Amino acid sequence: LVQTSQGGFDAAGLAPERFVDRRGARGARATNFQRDIGRITFSGPRIEHPAWPGAQDRLSWMAQLAAICAAAGAMPPQVSMFVVDGRGLGDVWTFVDQGVETVATALGPVQATQVVREPQQLIDWRVQAWLDPRRGWWPVVLRMTVPRSGAVFELHLQAEPTALEKPR
């Protein structure tokens with residue numbers, strides 16, 4: 001699995017321009033945020049979605065959620081954003097604050113705020129993220145599951161984040 005998201009910023013926060021999703025030997029699928037014409041288009045399917053303010057891809061939503069929490073100084077009770085994947089699927093993802101709990105990480109225990117996005121259908125992802133306010137509200141654990149298939153995708157913080165270098 002290789003995913004990349006490129007873009008910039010606008011009045012609604014993070015503004016992805018292109019998301020590329022490559023899985024195994026299959027060809028890459030791209031999502032194009034054409035904000036100048038107000039559309040989100042895809043390299044494969046002839047599906048289009050409106051380019052809603054704050055719309056995100058399957059990678060950039062994490063940065064947008066962290067930025068929303070950082071700006072608010074806490075996780076709001078609920079955060080919603082339109083999220084699209086590389087296959088043309090798009091839906092409003094609503095994250096609900098589940099409270100603070102201690103999470104075991106490779107760096108030791110972390111007091112993190114758990115947020116959950118419940119799926120709208122059995123084939124949708126259920127997303128659980130444990131956000132660490134001491135690390136800019138980035139997830140220290142991310143768990144995504146599909147209720148129907150039981151598929152699970154997990155990411156865990158393994159080392160302290162480093163500052164990003166500016167492109168040359």
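**Chatting through the two sheets, core and pocket**

Modeller: Let me open with a turn: in the hairpin of β2 and β3, with six residues between the strands, Gly24 has a positive phi near 60 degrees. Helices (H or I, at least four residues) and strands (E, at least two) are DSSP runs, numbered from the N terminus.

Colleague: Hi! What kind of model is this?

Modeller: This is a predicted model, where local features need pLDDT of at least 70, side-chain atom pairs count only at pLDDT 80 or more, and totals for chains, interfaces and linings use all residues. Residues are numbered from 1 along each chain as its sequence is written, and side-chain values use heavy atoms, with hydrogens and water left out.

Colleague: Back to that hairpin. How many bridges do β2 and β3 pair over?

Modeller: Four, in the antiparallel sense, with β3 covering residues 29-34. Two strands count as paired if DSSP finds at least two bridges between them. Asp21 stands opposite Arg29 in β3.

Colleague: And what joins β3 to β4?

Modeller: Four bridges, and the two strands run antiparallel. Asn32 has Thr41 of β4 as its bridge partner. The hairpin of β3 and β4 has four residues between the strands, and Gly38 there takes a positive phi near 75 degrees.

Colleague: What is the strand order in that open sheet of five strands?

Modeller: The order is β1-β2-β3-β4-β5, with antiparallel pairing. β1 (2-10) and β5 (49-50) are the edge strands, each pairing on one side only. β4 (residues 39-42) is joined to β5 by two bridges, and Arg39 stands opposite Pro50 in β5.

Colleague: Now the open sheet of seven strands. Which strands stand at the edges?

Modeller: That sheet runs β6-β7-β8-β9-β10-β11-β12, with mixed pairing. β6 (56-57) and β12 are at its edges; each has a single partner strand, so one side of each is left without a neighbour in the sheet. β11 and β12 pair in the antiparallel sense over five bridges, and Thr145 stands opposite Val152 in β12.

Colleague: Where does Val146 lie?

Modeller: Val146 is in the loop between β11 and β12 (152-156). Val146 counts as buried because its relative accessibility is 11%; buried means under 20% relative accessible area, exposed over 50%, and partly exposed in between, using a 1.4 Å probe and protein chains only. Leaving out residues up to four places away in sequence, Val146 touches Leu122, Ile123, Asp124, Trp125 and Ala151, where contact means heavy atoms within 4.5 Å.

Colleague: Switching topic: how many residues are in the largest nonpolar core?

Modeller: There are 20, and those with the most contacts inside it are Trp61, Leu65, Met75, Phe95, Val127 and Leu131. The largest share, five residues, comes from α1. Such a core is a set of buried Ala, Val, Leu, Ile, Met, Phe, Trp, Tyr and Cys residues joined through side-chain atoms within 4.5 Å.

Colleague: Is Thr113 buried or exposed?

Modeller: Buried, at 7% relative accessibility. Thr113 lies in β9 (residues 108-117). Beyond four places in sequence, its contacts include Met75, Asp97 and Leu131.

Colleague: Last one: which residues lie nearest the centre of the second largest pocket?

Modeller: Arg58, Asp85, Arg87, Leu89 and Trp125, out of 24 lining residues. On a 1 Å grid over the protein atoms alone, a pocket is an open set of points where a 1.4 Å probe fits, with protein on both sides within 12 Å along at least five of seven lines, and lining residues have an atom within 4 Å of a point. β2 (13-22) and β8 (90-105) each supply at least two residues of that lining.
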